[in-house]
Amino acid sequence: MVKLTQLTGCLMLFFTVPLTALAQDPIPILPDIASRSSEPDQADSTGRGNQSDSKRQLPGLSQVNRASPEHKTDTAGQAKRADSLKQADKPTLKIGGALRFNYNLSSWKKEQVKRGGDFGLDMFRINVDASHKKLDFHAEYRFYAKASGGSFLKDGYLTYNFNDSTNIAIGLVQNPFGNTTYNSHNWFFNLPYYLGFEDKASMGIRFHQRSNRWVYDLAFFKSALELDFGDKTSIDPSRYSYDVAGRNKELNQGNIKTEYLLSENKRIGVSGMLGGVYNIPTGNMGSRWAAAAHTDLTFGKFNVKLQSMYYQYHLADSVQYNNSVSLGAYGSTYDVATKAFLHTASVAFSQPVNIGPISKITFYENYSYMDKTQQGATDTQMNVLGMMLTAGNLVTYVDWAAGKNQPWLGPEWQNGLAAGNPDAKWHSRFNINIGYYF
């Protein structure tokens with residue numbers, strides 16, 4: 001059950017900190033600007049880099065909208081603005097991508113430690129972004145080693161822009177839940193990613209609107225990415241997002257997210273999710289739900305992301321299978337607890353520098369904690385301390401990541417996020433990811 005003391009403490013944290021920030025930094029809000037701007041590229045939990053949606057630019061359009069009556073006789077200005085509008089109506093296409101290499105040294109892999117770590121290929125990806133009039137298109141396809149799931153679509157969708165503040169997207173779309181696009185700064189992400197609650201995409205439709213200080217997102221997702229349209233087939237775990245796998249499938253999920261902007265770079269919000277879980281052996285429908293409170297605050301060179309959430313599964317399966325549910329991504333699956341709190345606290349400091357080709361260094365400390373409410377279960381912890389070096393299109397993450405009952409940071413793979421091992425110890429991984437983005 002949800003612990004009242006935890007819930008009260010979280011609510012005090014999430015409302016006191018942002019309101020204090022508002023009193024100290026009353027930055028004005030820009031009216032009706034679409035929140036479709038890109039964030040810097042960030043790598044995901046296992047080095048699978050990610051890039052948020054490209055900002056749709058309409059050259060000259062905003063200038064035309066702001067033209068005052070006395071400018072109507074300026075024929076030269078009118079001609080220039082007309083040319084800008086024509087240019088905006090032309091279809092645009094941008095193709096980009098990334099090539100990344102990775103070095104890691106994992107404390108629990110004794111033979112790897114003897115070798116002094118391993119250095120090899122992380123991934124190669126292709127991004128395609130196109131736009132024409134009010135339509136945008138985005139897709140990202142990734143190529144990994146066979147052991148990491150091979151190749152798959154990360155996300156891909158078509159967006160219709162009603163205006164600069166309202167749009168609707170359909171396809172493999174990111175779930176509006178918690179701090180998005182990312183609830184972290186580091187290469188590994190935070191624990192919510194490994195349970196399907198950070199940078200997760202599903203098949204469905206999402207509505208987005210910005211109204212002055214308020215941002216609203218509503219979404220319906222029919223299912224996770226489906227690759228096999230069989231009758232009683234489980235999902236293929238070769239995918240980017242962690243989705244329900246094995247004996248169950250995600251179905252008919254609704255998401256709602258609301259954020260209030262204290263300023264353009266300070267926001268506080270709440271999110272909710274409710275969906276079905278179809279059990280393949282029995283043919284019965286279970287359910288799952290989640291709720292979160294979250295803030296994303298920038299103070300000069302500092303950024304702070306705070307989030308607390310709770311999730312719960314009600315599986316329509318046999319009794320012996322009801323204490324854990326299988327999730328899959330990158331070609332493999334593991335079990336997770338059917339209910340838990342997830343708390344994350346992440347802080348980053350960005351400093352412009354002039355060190356050879358390096359123009360900026362971002363230092364970060366990200367901590368996350370999984371409080372499993374099931375009797376007898378052992379909690380999971382994760383901490384990442386590191387920095388990101390930016391040198392033009394070359395981005396390098398240097399991380400020291402540590403975990404306890406964390407599948408990617410220790411030997412407790414199958415059961416770490418489920419019941420866990422009460423005798424588990426902290427394990428660490430020193431990681432360097434070097435990526436060129438084009």
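**Strand pairing and the setting of Lys266**

The backbone oxygen of Thr298 lies 2.7 Å from a polar atom of the Lys266 side chain, in a model that is predicted. Lys266 belongs to strand E12, which covers residues 266-279, and Lys266 is buried, because its relative accessible area of 0% falls under the 20% that serves as the cut-off. Although 33 residues separate Lys266 from Phe299 in sequence, the two residues are 8.4 Å apart in space, taken from C-alpha to C-alpha.

An open sheet is formed by three strands in the order E10-E15-E16, with antiparallel pairing. Strand E10 (243-244) and strand E16 (332-337) stand at the edges of this sheet, and each has a single partner strand, so that one side of each is left without a neighbour in the sheet. Strand E15, made up of residues 324-329, is joined to E16 by six bridges, and the two strands run antiparallel; within this pairing, Leu327 has Tyr334 of E16 as its bridge partner.

Further pairing involves strand E17 (residues 339-355), which is matched with strand E14 (residues 302-314) in the antiparallel sense over eleven bridges. In this pairing, Phe302 has Phe349 of E17 as its bridge partner. Strand E17 is also joined to strand E18 (residues 358-372) by 14 bridges, and these two strands again run antiparallel, with Ile355 standing opposite Ile358 in E18. The hairpin of E17 and E18 has two residues between the strands, and in this hairpin Gly356 takes a positive phi near 60°.

Technical notes. Residues are numbered from 1 along each chain as its sequence is written. This is a predicted model: local features need pLDDT of at least 70, side-chain atom pairs count only at pLDDT 80 or more; totals for chains, interfaces and linings use all residues. Side-chain values use heavy atoms; hydrogens and water are left out. Two strands pair if DSSP finds at least two bridges between them. Helices (H or I, at least four residues) and strands (E, at least two) are DSSP runs, numbered from the N terminus. Buried means under 20% relative accessible area, exposed over 50%, partly exposed in between (1.4 Å probe, protein chains only). A polar contact is a pair of N or O atoms within 3.5 Å; within protein, one must be able to donate a hydrogen and the other to accept it, and residues adjacent in sequence count only if both atoms are side-chain atoms.
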